[in-house]
Amino acid sequence: LRSCSPGRARRTNASRRACLVARFGDIYAQERLDAETLLKTYISDVEMVQRIIYIAAVESFHAAKMAYRQFKIRVRETLSLGHSGPESLEDTVLDYIVRHEDLYDVQASVNEVIRSMNINPKISFPPEIDFIVISTLIRELCRVAFSMQTLVPPLDIAFGTDGELFSEIRYHRSFDSDFTAALVAYHVWPALMENDIVIVKGEAVTKR
């Protein structure tokens, strides 16, 4: 194991959080639109394109959180063998993960996301194309989601379902929404949450 500096994770928590929240916004503004443009060359249905991207975001967070939990277990098992303080074992584990996030196997998470998307009944893709075409978006989402798990408290995305009551607190309406409709037809981008409080609004389409 490489050495780690005690308490680094907690000392840098605020600055790392700010960078990760900004990066989440950048992905929405850049990689999401790039993926949308790319998908539109294969799929003419704009709703399907937006559903694919939203599900990619949800699955990326799920895969990254699973990978983080497994990574943390392995680090804790290794560090506990020689841990003597003065920091708690949990702080030492967190410091190690923050310093060595490059050890996260992001490609394994990307593969897991694509596998999950291939069996998702809400989205479909022309048989000659694979979801791997948006792997850049998936990879960046997995990276930011993994890093968000190292924050105290961690950041996560809101759980959204088709047909739920539209929440002004959680979402912006897409420009093509029916602004008088009360229910979400589908989601475009997830809201970012911290302890169930919205940090960054997502985007949803409302229709009657």
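Select Glu194 to begin: this residue is buried, with a relative accessible area of 17%, where buried means under 20% relative accessible area, exposed over 50% and partly exposed in between, computed with a 1.4 Å probe on protein chains only. The model is a predicted one, in which local features need pLDDT of at least 70 and side-chain atom pairs count only at pLDDT 80 or more, while totals for chains, interfaces and linings use all residues. Residues are numbered from 1 along each chain as its sequence is written, and side-chain values use heavy atoms, with hydrogens and water left out.

Add Arg17 to the selection, since Glu194 forms a salt bridge with Arg17, their closest N and O atoms lying 2.8 Å apart; a salt bridge here is a side-chain nitrogen of Lys or Arg within 4 Å of a carboxyl oxygen of Asp or Glu. The pair links distant parts of the chain, 177 residues apart, with Glu194 in strand 4 (residues 192–194) and Arg17 in helix 2 (residues 13–29); helices (H or I, at least four residues) and strands (E, at least two) are DSSP runs numbered from the N terminus. Arg17 is partly exposed, with a relative accessible area of 25%.

Move next to helix 3 (residues 31–40), where Arg32 and Glu36 lie four residues apart, about one turn of the helix. Their side chains meet in a salt bridge at 3.6 Å, N to O, and both Arg32 and Glu36 are buried. Glu36 also forms a salt bridge with Lys40, at 3.3 Å between the closest N and O atoms; Lys40 is partly exposed, with a relative accessible area of 40%. Select Arg23, Glu31, Glu140 and Arg143 as well, which salt bridges with shared partners join into one network. A search of the whole structure finds 13 salt bridges.

Now turn to the nonpolar residues. The largest nonpolar core, meaning a set of buried Ala, Val, Leu, Ile, Met, Phe, Trp, Tyr and Cys residues joined through side-chain atoms within 4.5 Å, has 53 residues, and those with the most contacts inside it are Ile52, Met117 and Ile138. Helix 4 (46–80) is among the elements that each supply at least two residues of this core, and helix 4 gives the most, with 16 residues.

Centre the view on Ile52: leaving aside neighbours within four places in sequence, Ile52 is in contact (heavy atoms within 4.5 Å) with residues including Leu39, Met117, Phe125 and Ile134. Finally, select Ala158, Phe166, Val184 and Ala191, which are among the seven residues of a second, separate core.
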